[in-house]
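Visitor: I'd like to know where the labels for this protein come from. Can you show me the structure and let me quiz you on it?

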Amino acid sequence: MSRITTHILDAVQGSPAAGVETVLARPGGPEIARGRTDADGRLALGPDDLPDGDYQLRFDTGRYFAESGRASFHPSVTIAFTVADAPHYHVPLLLSPYSYTTYRGS
């Protein structure tokens, strides 16, 4: 299993957000991994052995909403988090056109 996973739910539609381009990177650093959420809104990113430190997930939410014909306020969402001595990090995103929320998942 990849060390970083995410699951995006479209809170307005009440369904998974499929096809959201997502990038894993160090803040201000190079891209580590990139992918798109699957039909269930899920994605695993990055190598299995990710060194401890600060990372970010950048979600292309603007494109997701544009492709469904909906306006949105946030062209992208960036979630910063710290990896420290744990085998797996799950970073969910609950999304709507004008707001979002996240938490440390399991």
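Visitor: What makes strand S1 and S5 a pair?
Guide: Two strands pair if DSSP finds at least two bridges between them. Strand S1 (residues 4–10) and S5 are joined by 4 bridges, so they pass that rule. They run antiparallel, and one bridge puts histidine 7 opposite its partner in S5, arginine 42. Strands here are DSSP runs (E, at least two residues) and helices are too (H or I, at least four), numbered from the N terminus.

Visitor: How far can I trust all this?
Guide: This is a predicted model, where local features need pLDDT of at least 70 and side-chain atom pairs count only at pLDDT 80 or more, while totals for chains, interfaces and linings use all residues. Residues are numbered from 1 along each chain as its sequence is written, and side-chain values use heavy atoms, with hydrogens and water left out.

Visitor: Why is arginine 3 called buried?
Guide: Buried means under 20% relative accessible area, exposed over 50%, and partly exposed in between (1.4 Å probe, protein chains only). Arginine 3 comes out at 8%, so it counts as buried. You'll find arginine 3 in the segment before S1. Its contacts (heavy atoms within 4.5 Å) include Leu45, Pro47, Asp85 and Tyr89, leaving out residues up to four places away in sequence.

Visitor: And why is alanine 84 partly exposed?
Guide: Its relative accessible area is 45%, so alanine 84 falls in the in-between class. Alanine 84 sits in the loop between S7 and strand S8 (89–90). Apart from residues up to four places away in sequence, alanine 84 touches Asp52 and Tyr89.

Visitor: Which side chains of strand S5 are buried?
Guide: Leu43 and Leu45, which point to one face of S5 (residues 42–45). Arg42 and Ala44 point to the other face and are not buried, so the side chains alternate along the strand.

Visitor: What makes S4 and S7 edge strands?
Guide: They belong to an open sheet of 4 strands, in the order S4-S3-S6-S7, with antiparallel pairing. Strand S4 (31–36) and strand S7 (77–83) each pair on one side only. From one strand to the next, the twist averages 20°; that angle is taken between N-to-C directions, on a scale from 0 to 180 degrees, using axes that are lines fitted to C-alpha atoms (for helices, over the stretch in contact).

Visitor: How do you know that strand S3 pairs with S4?
Guide: Count the bridges: 5 of them join strand S3 (residues 21–25) to S4, so the pairing rule is met. In one of them, leucine 24 has alanine 33 as its partner in S4.

Visitor: Why is the pair of tyrosine 64 and phenylalanine 65 called edge-to-face?
Guide: Rings of Phe, Tyr and Trp (its six-membered ring) pair if their centres lie within 6.5 Å; planes under 30 degrees apart count as stacked, over 60 as edge-to-face and the rest as tilted. That rule gives 2 aromatic pairs. For tyrosine 64 and phenylalanine 65 the centres are 5.1 Å apart and the planes are at 65°, so the label is edge-to-face. Both residues are buried as well.

Visitor: Which element gives the most to the largest nonpolar core?
Guide: S7, with 4 residues. A nonpolar core is a set of buried Ala, Val, Leu, Ile, Met, Phe, Trp, Tyr and Cys residues joined through side-chain atoms within 4.5 Å. The largest one has 23 residues, and Ile8 and Phe81 are among those touching the most other members.
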